[in-house]
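Reader: I'm new to this structure and would like a close look at one part of it. Could you pick a helix and walk me through what surrounds it?

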Amino acid sequence: MTWLFYALGLLTALLALGTILYLVTARRYQSSNSVANSYDEWTEDGILEFYWGEHIHLGHYGSPPQHKDFLLAKSDFVHEMVRWGGLDKLPAGTTVLDVGCGIGGSTRILAKDYSFAVTGITISPQQVQRAQELTPDGLNAQFQVDDAMALSFPDASFDVVWSIEAGPHMPNKAIFAKELMRVLKPGGILVVADWNQRDDRQNPLNVWEKPVMKQLLDQWSHPAFASIEGFSELLAATELVAGEVVTADWTQPTLPSWLDSIWQGIARPAGLVRFGISGLIKSLREVPTLLLMRLAFGTGLCRFGMFRAVRR
């Protein structure tokens with residue numbers, strides 16, 4: 001029994017140490033540079049691309065959710081979003097701005113499968129470089145560093161503005177909404193997919209939800225999550241929307257992504273050989289945040305919001 005007592009004590013000490021390190025090494029939002037630096041680091045070492053593929057966003061597992069290959073679910077998400085937004089009815093050559101394009105997975109699908117002319121932007125220079133490396137010659141897709149809070153494009157530049165899971169990094173959601181609508185041509189379509197917090201104006205966060213949300217913000221350089229209702233109101237407040245902002249909740253179709261992303265580290269042990277002990281430690285460090293994300297989206301603290309608006 002003595003050895004068991006010491007083993008439990010050691011385990012408790014390691015868990016306590018791990019928790020302390022997790023909290024004190026949080027990547028809190030400080031500026032656009034802190035976001036860029038975080039994505040630069042993940043892109044340079046290749047860990048995120050190895051496990052998550054070219055699509056650094058959640059997957060779509062159907063309604064109701066079904067078992068599906070992790071990487072296939074991610075590409076399926078793009079096609080589901082295209083259909084939901086009505087973009088599959090648009091002609092070849094339609095100009096699209098992909099805001100927060102990552103390493104260009106969705107950008108390339110839009111260019112290849114729908115023959116759109118796509119410009120992908122990200123705050124991360126390393127992501128732009130990797131996106132360019134992954135894009136074959138002849139594909140109508142280009143990439144550049146740009147800040148979604150102050151887009152470098154003139155008014156009415158694009159037929160479509162598209163964005164997946166970029167909103168939580170934006171410190172001022174009203175400015176973000178205005179910029180997305182500003183660069184759309186009249187009659188152009190905005191389609192956004194984002195992580196959202198429950199609307200706490202009518203249902204405030206409770207005693208356990210507040211620290212969970214704090215970690216979801218602090219760990220991945222997020223200044224704040226908008227609610228579906230709140231961001232919809234901000235889009236309407238730009239006074240650039242024709243008609244109403246259409247929204248949908250895709251929490252359930254995307255929910256399996258969180259645990260599936262953890263499972264990739266178990267199912268693909270080649271990553272341990274490829275990235276070594278340092279890569280393993282870096283990957284393990286993200287597991288608590290992924291579990292907190294699953295908790296938040298599974299309990300209603302967070303929701304996966306879809307937004308569609310037409311420029312007047």
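Author: Here is a look at helix 11, with the whole chain as background. This is a predicted model, where local features need pLDDT of at least 70 and side-chain atom pairs count only at pLDDT 80 or more, while totals for chains, interfaces and linings use all residues. Residues are numbered from 1 along each chain as its sequence is written, and side-chain values use heavy atoms, leaving out hydrogens and water.

Helix 11 covers residues 257-267, and Ser257, Trp258, Asp260, Ser261 and Gln264 are buried there. Buried means under 20% relative accessible area, with a 1.4 Å probe and protein chains only. Helices here are DSSP runs of H or I with at least four residues, strands are runs of E with at least two, and both are numbered from the N terminus. As for the spacing, an α-helix has 3.6 residues a turn, so residues three or four places apart point the same way.

What covers those buried residues? Among the elements doing it are helix 3 (47-52), helix 4 (70-85) and strand 5 (184-197), and the cover also includes helix 10 (251-254) and helix 12 (270-299).

Now step back to the whole chain: it has 12 helices and seven strands. Its radius of gyration, taken over C-alpha atoms, is 20 Å, close to the 20 Å from the globule rule for 312 residues, so the chain is as compact as a globular protein of that length (the rule is 2.2 Å times the number of residues to the power 0.38). Of those 312 residues, 51% count as buried. The C-alpha trace spans about 75 × 50 × 40 Å along its principal axes.

Key. Buried < 20%, exposed > 50% of the residue type's maximum accessible area, 1.4 Å probe, protein only. Contact = heavy atoms within 4.5 Å.
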